[in-house]
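Here is a short set of exercises for you to try with the structure on your screen. Have a go at each task before you read its solution.

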Amino acid sequence: MRLVAGPVIGLRLHPEMSSASNTPFPPAAKLDRLADAITFLPATTEAKVLRDALGRFATGVTVITTAGPHGHQGMTVNSFASVSLEPPLVMWCPARASTRHGLFTGARHWSVHVLGVEQLEVSQRFTRGGGGFDGLRIELTPEGIPVLPGTSARFDCATYACHEAGDHSVMIGQVLRATTGGPGDHLLVFAAVEIRQLSAG
Ligand SMILES: Cc1cc2nc3c(=O)[nH]c(=O)nc-3n(C[C@H](O)[C@H](O)[C@H](O)COP(=O)(O)O)c2cc1C
């Protein structure tokens with residue numbers, strides 16, 4: 001996984017994030033999409049090709065936290081999405097291969113943190129081999145879930161449903177409580193298999 005600061009079409013690179021900020025934006029289109037397009041069958045193509053195609057869909061970067069019998073746990077996740085406003089439901093997908101899968105699918109409560117642009121280091125903490133909560137200031141929700149103050153948004157959830165889906169599970173949560181930072185916040189973005197630090201302004 002490469003971590004870079006770089007432009008994504010439609011979003012402006014934060015001027016402080018890269019020496020490449022002098023390049024004109026948006027860039028002139030370089031690709032002839034029709035000429036370069038390929039169509040493939042996932043069943044008979046190596047997984048990387050499908051992963052790259054799915055990576056064309058940009059997402060934010062979240063850390064999902066919960067508490068279990070062996071303490072606090074967190075996972076960096078980009079599969080987060082909104083599902084329903086009434087009732088307020090959100091979802092994300094933990095991989096069955098993750099050592100954290102059982103803890104999250106068995107949890108009654110969990111919190112989703114949407115990371116701001118300066119929180120790249122936080123995103124790295126909650127991937128494989130990362131430092132987790134070590135040295136981080138945390139607070140506890142009324143449900144006892146460890147939360148990280150100062151994220152762009154946070155959704156405290158109760159598990160509403162959990163479905164098996166191939167090599168992942170789909171966790172659906174009912175939002176009990178939501179917190180958002182001020183307007184004009186700058187976000188971490190995951191696109192084309194890279195975490196990018198961007199501003200939307
Ligand atoms: C940007 C990014 C997004 C990720 N999104 C997901 C995700 O949606 N679901 C998931 O299970 N793992 C995701 N991961 C991987 C997990 O953060 C973590 O590395 C993995 O669960 C570690 O597995 P382990 O618990 O076996 O060490 C993502 C990692 C990164 C860097």
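The exercises below go from the whole chain to single residues, and the model they use is a predicted one.

**Exercise 1. Take stock of the whole protein: how many helices and strands are there, and what percentage of the residues count as buried?**

Step 1. Begin with the secondary structure: the protein has four helices and 14 strands.
Step 2. Turn to burial: of its 201 residues, 27% count as buried.
Step 3. Finish with the contacts between residues at a separation of 6 or more: 64% of them join residues 24 or more positions apart.

**Exercise 2. Trace the open sheet: in which order do its seven strands come?**

Step 1. Strands of a sheet can pair in a parallel or an antiparallel way, through backbone hydrogen bonds.
Step 2. In this open sheet the order is S5-S4-S8-S11-S12-S7-S6, with antiparallel pairing.
Step 3. Look for the edges: S5 and strand S6 (81-84) each pair on one side only.
Step 4. Follow the twist, which averages 35° from one strand to the next.
Step 5. Zoom in on one pair: strand S4 (residues 62-68) and strand S8 (residues 109-114) are antiparallel and share four bridges. Across this pair, Ile64 stands opposite Val112 in S8.

**Exercise 3. Explore the ligand's surroundings: which residues of the shell are the closest?**

Step 1. The ligand is surrounded by 19 residues, and the closest are Ser79, Ala95, Ser98, Thr127 and Arg128.
Step 2. Sort the shell by character: eleven residues are nonpolar, six are polar and two are charged.
Step 3. Ask which element gives the most to this shell: strand S5 (residues 71-77) does, with three residues. You met S5 above as an edge strand of the sheet.

**Exercise 4. Find the cis peptide bond: which two residues does it join?**

Step 1. The bond links Glu86 and Pro87, with omega at about 0°.
Step 2. Now place Pro87 in the chain: this residue sits in the loop between S6 and strand S7 (89-92).

**Exercise 5. Work out why Gly102 counts as partly exposed.**

Step 1. Locate Gly102 in helix H3 (residues 101-105).
Step 2. Recall the cut-offs: 20 or more C-beta neighbours within 10 Å make a residue buried, and 12 or fewer make it exposed.
Step 3. Gly102 has 13 C-beta neighbours inside 10 Å, so Gly102 counts as partly exposed.
Step 4. As an extra, find Ser169, which is 67 residues from Gly102 along the chain; their C-alpha atoms are 9.9 Å apart.

Note on methods: Residues numbered from 1 in each chain as written. Predicted model: local features only at pLDDT ≥ 70, side-chain atom pairs only at ≥ 80, totals over all residues. Near = placed C-beta within 6 Å. Helix = DSSP H or I, 4+ residues; strand = E, 2+ residues; numbered from the N terminus. Nonpolar A, V, L, I, M, F, W, Y, C, P; charged D, E, K, R; others polar. Pairing = 2+ DSSP bridges. Axes fitted to C-alpha atoms, helices over the stretch in contact; angles between N-to-C directions. Contact = placed C-beta atoms within 7 Å.
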